[in-house]
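Dear colleague,

I am passing on the structure that we spoke about, and I would be glad if you could look through it with the notes below beside you.

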Amino acid sequence: MTNPMLNPAFIVPSSSCISSVAKSNQFRTHDEKCVEKWNYRRGHIIVVRTRTQMSMKNGEDWTEGKVLGRDLKQAEHTRVVVMGGGSFGTAMATLFARNGYKVVILLRNESLAEEINTQHRNSRFFPQFELPNSLTASTFPEIVLPQAQLIVHAIPVQATRDFLNHNAHHIPPDTPVLCTSKGLEVGELKLMCELLPEILGKKRSYAYLSGPSFAKEMMQQLPTAVVVASRDSKLQQTLATMLSSPSFRVFTSKDVTGLE
């Protein structure tokens, strides 16, 4: 049976509906308090209850923070470390934090780390957005990396080798890594799925995220779809559960090279 968590619908206002869909026989109108749930898999719109009572057919209520497949109590004790505080690293950290996880962004800039910790903002990339309270920042890899249950690699590709050569020894050998960096290392002509195992070891589990995703739209919680590819099927499912939200849909794949 397919886990419904792996196919979360996007929640969009009626004014945002695609005109061709809106004109179809499957489109139904409702009162102003209703929203439409756009199900990309089935290709139609489902009218659901009011915003304050909005729920999926299985009874989960997004307004109360209950998400199928995700234990929020367990999430509170799961530490995610995002290496890199650029725009996409910040957006990924925010996504995890909004989903209930404790997140630390690993930075080099001490003043930016202090700003995130005291003002809950990253003024360099997203001055208009307040960051979740469960998101903090650190400049001490020797402290945060050994404590991570999941590491998100958001360092630019061309800086990856140097960064990891200096910090790999802080990362436990069994900690899984999700890579969001995209591109080819110019010097060695290697993809990230080749570079990371070379430096961090081939025994740990790796996953790679890609898709038509933009950091600002993720911060705005606009509908976004991505693919997470991993040769570890359990890690695929875990990440889909951790990342999925009403505005963020995750597809999974085993084709790591194809994804990159």
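The notes that follow take up the pocket, the nonpolar cores, one helix and one glutamate.

This is a predicted model, in which local features need pLDDT of at least 70 and side-chain atom pairs count only at pLDDT 80 or more, whereas totals for chains, interfaces and linings use all residues. Residues are numbered from 1 along each chain as its sequence is written, and side-chain values use heavy atoms, with hydrogens and water left out.

The largest pocket (on a 1 Å grid over the protein atoms alone, an open set of points where a 1.4 Å probe fits, with protein on both sides within 12 Å along at least five of seven lines) holds about 660 Å³ of space, the volume being that filled by probe spheres set on the points, which are joined across faces, edges and corners. Its lining (residues with an atom within 4 Å of a point) consists of 26 residues, and Gly84, Gly85, Arg108, Ile155 and Pro156 lie nearest the centre. The elements giving two or more residues to this lining are α3 (87–98) and α6 (157–167), and α6 gives the most, with 5; helices here are DSSP runs of H or I with at least four residues, and strands are runs of E with at least two, numbered from the N terminus.

The largest nonpolar core (buried Ala, Val, Leu, Ile, Met, Phe, Trp, Tyr and Cys residues joined through side-chain atoms within 4.5 Å) has 40 residues, and Val80, Phe96, Val103, Leu178 and Leu243 have the most contacts inside it. Helix α3 supplies the largest share of this core, 7 residues. Apart from this core lies another, of 27 residues, including Val81, Leu164, Cys179 and Leu196.

Helix α7 (residues 192–200) is largely enclosed by the rest of the structure, because 7 of its 9 residues are buried (under 20% relative accessible area with a 1.4 Å probe, protein chains only). The buried residues of α7 are Met192, Cys193, Leu195, Leu196, Pro197, Ile199 and Leu200, and the helix is followed by Gly201, whose phi is positive, near 100°.

Finally, Glu185 lies in strand β9 (residues 184–185) and is buried, with a relative accessible area of 7%. The side chain of Glu185 makes a polar contact (a pair of N or O atoms within 3.5 Å, one able to donate a hydrogen and the other to accept it; residues adjacent in sequence count only if both atoms are side-chain atoms) with the side chain of Arg161, at 2.7 Å.

With best wishes

Definitions and conventions
Buried means under 20% relative accessible area, exposed over 50%, partly exposed in between (1.4 Å probe, protein chains only).
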